[in-house]
Amino acid sequence: MKRRKRVTTIATVLLAGILLACTVGMASAHFTMIFPSDSEATVWDVTPEDYIAELGETKTVYIMWGHPYEHISFDMASVPEVSVMKPDGAVLPLTAEEISVNGMDEDGNPGTFVAYKASFTVDQRGDSVVFVRYEDEDEKLTDYVKAVIHCGVEAWEGWDAETGQKAEIVPFTRPYGLEEGFVFTGTALYDGNALSDADVEVEMYHTLDLGKEVVETAETMFPYDPPMMFTRVTKTNAAGEFAYTLDEPGIWFVGAYGPEVAGLTQRSVFIIPVLDAFPAEEASAPASLAGLEDLKSRVKSLEDKVATLKTPAGEGLPGFGVIAAIAGLLIVVYAVKRRKR
Ligand SMILES: [Cu+2]
């Protein structure tokens, strides 16, 4: 018995050591980011509105490689293949041009990183699907990434298009007009077939300052496993379907891990911009609630006053004090009702 316990303890210590070694330097997941930002200088200030285009507008998408949640950047190790599928289904290959973007490396040092950009003109109303294939030998990943650029009132055509990539997420949920707290659902495909029982990682993008702050908070609050807050995980069912609640406004990444081919894991990624709650919640709500409580307590004290003023039975008409108190009570009740509306 004793010996068995000792063996178990040694095994536990060894396992803990191995786990720790794995965790160091491996924080959240790598993702290929497709950001249709306003300019090269403001590439990181991407908003959900950047995924909206006007007819005739030239959109430039910036393609970066890194950990979106922590705002950690890595050089892109190969040239990404970039294309756009127009609302009518026509596919246009785009030219990827190398750029360098400012960022922060794994160790928290500022630096510049190899990234790419590509442009196209939005010449049809509807949804243009930008799709990218990027191979990273170091990370042993091939990413097949999609982002939707929407154009036109009620022109909700094309967002669920299949581009025919080797690995691909096809959404059930229209990926725009989504608010924080909405659920995103889709199917992961590999070679055109359902990718069943696959890990799906879900991660939100942060700007540099916000990323640093939120990572620090997570490390303080969840020291036993901070990355569990950076990268959320769900799975696909037998039909390749998955669902996840996107609970904060911002740019989200959803990636389904497919099979390994020649040592590289084939992953499909979908990028989803999420808006603030609409309509905006009233900031004054707590204040008016406090006011309501105050009125309630005043009603209560007036009720008490009326009770004490009440004349004993058979002693004639109630006095002036009672009438004044009742009148006061009615005014307060009226005020409360108005506030409640
Ligand atoms: Cu990573």
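Two strands count as paired if DSSP finds at least two bridges between them. Strands themselves are DSSP runs of E at least two residues long, helices are runs of H or I of at least four, and both are numbered from the N terminus. With that in hand, take strand β4, residues 81-85: it pairs with β5 in the antiparallel sense, over four bridges. One residue to look for there is Met85, whose bridge partner in β5 is Val91.

Before going further, know that this is a predicted model: local features need pLDDT of at least 70, side-chain atom pairs count only at pLDDT 80 or more, and totals for chains, interfaces and linings use all residues. Residues are numbered from 1 along each chain as its sequence is written.

Now zoom out from that pair. β5 and β4 begin an open sheet of eight strands, which runs β5-β4-β8-β9-β17-β16-β13-β14 with mixed pairing. β5 (91-94) and β14 (232-235) are the edges: each has a single partner strand, so one side of each has no neighbour in the sheet. In general, strands of a sheet pair through backbone hydrogen bonds, either parallel or antiparallel.

And the whole chain? The protein chain has five helices and 17 strands. Of its 341 residues, 32% are buried (20 or more other C-beta atoms within 10 Å of a residue's own, with C-beta atoms placed from the backbone).

How far can you trust it? The mean pLDDT (the predictor's confidence in each residue, from 0 to 100) is 85 for the protein chain, and 75% of the residues reach 70 or more. Where pLDDT is low, the predicted coordinates should not be read in detail.

Definitions and conventions:
A residue is buried if 20 or more other C-beta atoms lie within 10 Å of its own, exposed if 12 or fewer, and partly exposed in between; C-beta atoms are placed from the backbone.
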